[in-house]
Amino acid sequence: MKRYIEHYMAKHFTFMEERKLRMDEAIEEINRMGITEEKKQQMLAKLSSDKEKEDKSRREKMSLRDFEIIKVIGKGAFGKVTICRCKKDQKVYAMKQMKKKEMRKKNQINHIKAERDVLALADTPWVVKLQYSFQDRKSLYLVMEFLAGGDLMTVLMTYDILDEPTTRFYIAELAIAINAVHELNYVHRDLKPDNVLLDNEGHLKLTDFGLSKSFQDKDPPFLEVYQKLQKDNKEVEEKKTDRSKADFYNNRKRHKAYSTVGTPDYIAPEVFAQTGYGQECDWWSLGVIMYECLVGYPPFYAEDPMSTCRKIINWRKTLTYPPEASLSGDARHLISGLITDTPNRLRFADIKAHPFFNGLDWDNIRNTTAIHAPQLESDIDTHKFDNFETDEEEDMDSSDDENDDFLGFTFKKTTNNQKTVEELFQDSDDE
């Protein structure tokens, strides 16, 4: 809590200092213009009015009525994600709507708090930006920037296997994004291609921080997911065929049910052990994603989730490289340095220095042209996402007439990814 308040106030004072500097520069510019005193006072009054409008905007509460719902681009167990347009500024956002009843029933309150906290803390181009947060009687809402490029899973579904230069670009950007989360003293814990989004230029941003937490915590967060896998075995068994491993996996990753439930393919073995772990579990997931990019399926893939878990625990015997993938020595060496036991696992500094990335400009990679830049027709182009029917009746049923306090989880408008002080103390009371 102390760390967050210090971070919050530091950003607040930085904002105030930057605004004062802008005002001083504007006043100096007005004084140099050589205009009449009357005109000068008019311009100064305009500056003062703009400042008041900005302050009012920062304090303003938002609700569902302030947005025009355009299209549903995702659905899950607790709600949905829609594309919306803010009626005030006409900007397009992605709105994540979560049902309070379902979250209470399945004990997901702490997960959404964790996601909001990370998004509020993050001030980096490598994490999806949170613009607004609010609630009504039935739902919680997180309004974030809309990234029209889809996700990394869409890329893998389109190309099946990526060549090494393409993989080098995505893995390098993903490594930087992971490190940015770690610098916030968080661990993501749910890294997979579905949670790696592409912006309008084709560069990566991380999303879905529902399972993230401060890396000092040693609780077993995936225990409920692990137990849940047993319930999914029957559905998966019915889908078994005699096709090759790659063909079966390609069919499975296109099945929406799996992205909703989640798969254990990317989870590090120490997470299953429930003996405590740190940020290094994210680097294991990076290695698994790199393997999938180059080979076409995750290294521990099996036709049922429990078999995958067993393969991960016995990774020393089950990690193999198919000869038909024709991986280079540097690629195999990097993957093996990430998919390994915790003490020997590569960290960010080791990854940057690895020969696989020779010649890569790490400092300016986001300023370069992306490998696959999406071709967008408009600011609401959603061709990179699946089609879902919009439930207009459900949207109309939501109302902010009873903006109740959801178990101490009060939402207000956020600016520059900041939460209000009222939220901080509300969170503290809830804890």
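## Close-up views of a predicted model

**View 1. A turn with an unusual residue.** Gln90 sits in the loop that runs between β2 (79–86) and β3. Keep in mind that everything shown here comes from a predicted model. β2 and β3 make a hairpin, with 5 residues between them. What is the sign of phi at Gln90? Phi of Gln90 is positive, near 65 degrees, in a residue other than glycine. That's worth a second look, because most residues other than glycine have a negative phi. As for its surroundings, Gln90 has a relative accessible area of 45%, so it counts as partly exposed.

**View 2. β3 and its partner β2.** Follow the chain out of the turn and you're in strand β3, residues 92–99. β2 and β3 pair in the antiparallel sense, with 7 bridges between them. To find one of these bridges, start at Ile83 and look for its partner in β3, Ala94. Is β3 mostly buried or mostly exposed? Of the 8 residues in β3, 7 are buried, so the rest of the structure largely encloses this strand.

**View 3. β3 and its partner β5.** β3 also pairs with β5, again in the antiparallel sense and over 7 bridges. Two cross-strand pairs make handy landmarks: Met95 stands opposite Val143 in β5, and Gln97 stands opposite Tyr141 in β5. If you're tracing side chains here, remember that in a regular strand they alternate between the two faces of the sheet.

**View 4. Lys96, a lysine under cover.** Lys96 belongs to strand β3. Is Lys96 buried or exposed? With a relative accessible area of 17%, Lys96 is buried, because the cut-off for buried is under 20%. Leaving out residues up to four places away in sequence, Lys96 touches Lys80, Val81, Glu115, Leu140, Tyr141, Leu142, Met144 and Asp208.

**View 5. β5 and the hairpin with β4.** Strand β5 covers residues 139–145, and 7 of its 7 residues are buried. On the β4 side, strand β4 (residues 130–135) runs antiparallel to β5, and 5 bridges join them. Look for Gln135, which stands opposite Leu140 in β5. How many residues does the hairpin between β4 and β5 pass through? It's 3 residues that carry the chain from β4 to β5.

**View 6. Helix α5 and its two ends.** Helix α5 spans residues 152–159, and its buried residues include Leu152, Met153, Thr154, Val155 and Leu156. Zoom in on the start of α5: a side-chain oxygen of Asp151 comes within 3.1 Å of the backbone nitrogen of Met153. After α5 comes Asp160, which has a positive phi, near 65 degrees.

**View 7. Helix α6, tucked inside.** How well does the length of α6 fit a simple estimate? At 1.5 Å a residue, the 19 residues of α6 should span 27 Å, and the end C-alpha atoms are 26 Å apart, which agrees. α6 is also largely enclosed by the rest of the structure, because 17 of its 19 residues are buried. An α-helix has 3.6 residues a turn, so residues three or four places apart point the same way.

**View 8. Tyr170 and its contacts.** Tyr170 lies in helix α6, residues 164–182. Its relative accessibility is 0%, so Tyr170 counts as buried. Which residues does Tyr170 contact, apart from neighbours within four places in sequence? They are Leu152, Val155, Leu162, Leu198, Gly202, Leu204 and His372. Two of these contacts, Leu152 and Val155, are themselves buried residues of α5. Now pick out Ile289: it's 119 residues from Tyr170 along the chain, yet their C-alpha atoms are separated by 9.8 Å.

**View 9. Two nonpolar cores.** The largest nonpolar core has 78 residues, and Leu206, Leu286 and Ile351 touch the most other members. Zoom in on Leu286 and, setting aside neighbours within four places in sequence, you'll find contacts with Ile171, Leu174, Ala175, Ile178, Leu338 and Ile351. There's also a second, separate core of 11 residues, with Leu64, Tyr93, Phe134 and Tyr141 among them.

**View 10. Ser326, out in a loop.** Ser326 is in the loop between α13 (315–318) and α14 (329–338). It isn't a glycine, but Ser326 has a positive phi of about 55 degrees. Is Ser326 buried or exposed? At 59% relative accessibility, Ser326 counts as exposed.

Key. Residues are numbered from 1 along each chain as its sequence is written. This is a predicted model: local features need pLDDT of at least 70, side-chain atom pairs count only at pLDDT 80 or more; totals for chains, interfaces and linings use all residues. Side-chain values use heavy atoms; hydrogens and water are left out. Helices (H or I, at least four residues) and strands (E, at least two) are DSSP runs, numbered from the N terminus. Buried means under 20% relative accessible area, exposed over 50%, partly exposed in between (1.4 Å probe, protein chains only). Contact means heavy atoms within 4.5 Å. A polar contact is a pair of N or O atoms within 3.5 Å; within protein, one must be able to donate a hydrogen and the other to accept it, and residues adjacent in sequence count only if both atoms are side-chain atoms. Two strands pair if DSSP finds at least two bridges between them. A nonpolar core is a set of buried Ala, Val, Leu, Ile, Met, Phe, Trp, Tyr and Cys residues joined through side-chain atoms within 4.5 Å. The expected span of a helix is 1.5 Å times one less than its number of residues.
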